[in-house]
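User: I would like a close look at a single part of this model, set out as one connected account that I can follow with the structure open.

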Amino acid sequence: MTPAVPSFGLLAGDDRSPVILHVPHSARALPDDVRAGIVLDDEALARELDHITDAHTDRLAEAAAGRAGVTPWRFVNRLSRLVVDPERFPDEREEMRAVGMGAVYTRTTHGAVLRPEGFEPGPLVERYFLPYARAMSRAVADRLAATGRTVIIDVHSYPSRRLPYELHGEGPRPPVCLGTDSFHTSPGLLDAAREAFGETGLDSPFSGAYVPLEFHGLDARVEALMVEIRRDTYMTEPGGPAGPGLERLADALAGLVDAVSR
C-alpha cells in the first residue's frame, strides 16, 4: 500500500529547549507486509484511517515549533497507529485490550474485525513498538542531560462525537481536553496549558499523559501533558482538510511551549 518509510523521526530543536512535542497518531502510512495482515478491504481501511488518525497534528506541531521563541524538539510517528500504537502498554496493563486496541489493534473504532482471530502481535511489537520506545527514552534522556528537565507535550486530536471504542466517552468533550498524570503533570504545566488554550477540560473524554516507562512514576524532572484537540475546531470530520482553526491552535501551542521553556 505504501513504500517503506522510517518508523519515526526526531526533529531537532534548540539545545536549550526542554520541550518535546510528541506526535504519535498523525500518520496514515502502512508498510505493505503490515497491510497484508489487516482484513479490511481498501475502502473500509480508508474509512478506518479517517476515524483513527489524528489528522494534521504533525502540521500543528510543526507550525507551533516554528512560532515558539525557543524551538522545541519534535518526536513524530511516521506510521499509522494501525501498525502499532506506541502509547499503549504492550501487555496486560493496557485497559484498551478489552476492545481489541492494545499495542497492536485487532478491532476497529466501531468494533469490526481488523486482524484475524489468533493474530500474533509479538513481531510487530519487536519491529516497531520497542525501537520507538527506546528512541523516545533516549530523546527524554538527552533533554534531561542538556537542560536538567524534560517537558513532553503529547499532541492529539479526537472526534466531536463519541466512537464505539471509547471506554470513557460519556463525559464532556471540550474544545481542548488536557490529559494529566498524577506524578508527571505539575500544577504549573497545567496552568500554562489552560492559559494558552482558553476553553479546556480535564481528563475527559481521554486521560493520562505519555512518559517512557523507564521514567514513568520515577523521575519528577520529566513532566508530561496530553493535549487532545476536538477535531471539529480545526478540520472537517472525519479525515477531511484542515481549516483556519489550525493556525489559532498553532499559536496557542506555541504559547504553551514558550511558557514552559522558561
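Which residue in S7 is the bridge partner of Cys-177? Please start from there and describe the surroundings of that strand.

Analyst: In this predicted model, the bridge partner of Cys-177 in S7 is Glu-228. Glu-228 is also the partner in S7 of His-156, so that residue is a convenient place from which to read the strand in both directions.S7 spans residues 222-230 and is mostly covered, with nine of its nine residues buried. In a regular strand the side chains alternate between the two faces of the sheet. In S7, Val-222, Ala-224, Met-226, Glu-228 and Arg-230 point one way, while Glu-223, Leu-225, Val-227 and Ile-229 point the other way, and all are buried.

The neighbours of S7 run in opposite senses. S4 (residues 150-158) is parallel to S7 and is joined to it by nine bridges, whereas S5 (residues 176-179) is antiparallel to S7 and is joined to it by four bridges. Within S5, Leu-178 stands opposite Val-227 of S7.

These pairings belong to an open sheet of seven strands, arranged in the order S1-S3-S2-S4-S7-S5-S6 with mixed pairing. The edges are formed by S1 (8-11) and S6, each of which pairs on one side only, and neighbouring strands are turned by 20 degrees against each other on average, direction ignored. Helix H4 (residues 122-147) packs on this sheet, where it touches S1, S2, S3, S4 and S7, and its direction makes about 160 degrees with that of S2. Helix H5 (residues 187-197) lies across S4, S5, S6 and S7, and runs at about 30 degrees to S7.

Following the sheet beyond S4 leads to S2 (residues 19-23), which is largely enclosed by the rest of the structure because five of its five residues are buried. Both faces of S2 are covered, with Val-19, Leu-21 and Val-23 on one side and Ile-20 and His-22 on the other. S2 pairs with S4 in the parallel sense over four bridges, and the partner of Ile-20 in S4 is Ile-152. Four bridges also join S2 to S3 (residues 73-77), again in parallel, and here Leu-21 has Arg-74 as its bridge partner in S3.

In the other direction, beyond S5, the sheet reaches S6 (residues 200-202), the strand that holds Thr-200. Thr-200 has a relative accessibility of 22% and therefore counts as partly exposed. Apart from its neighbours within four places in sequence, Thr-200 is in contact with Pro-174, Val-176, Leu-178 and Arg-194; one of these, Leu-178, is the residue that stands opposite Val-227 in S7.

How values were computed: Residues numbered from 1 in each chain as written. Predicted model: local features only at pLDDT ≥ 70, side-chain atom pairs only at ≥ 80, totals over all residues. Heavy atoms only, no water. Helix = DSSP H or I, 4+ residues; strand = E, 2+ residues; numbered from the N terminus. Buried < 20%, exposed > 50% of the residue type's maximum accessible area, 1.4 Å probe, protein only. Contact = heavy atoms within 4.5 Å. Pairing = 2+ DSSP bridges. Axes fitted to C-alpha atoms, helices over the stretch in contact; angles between N-to-C directions.
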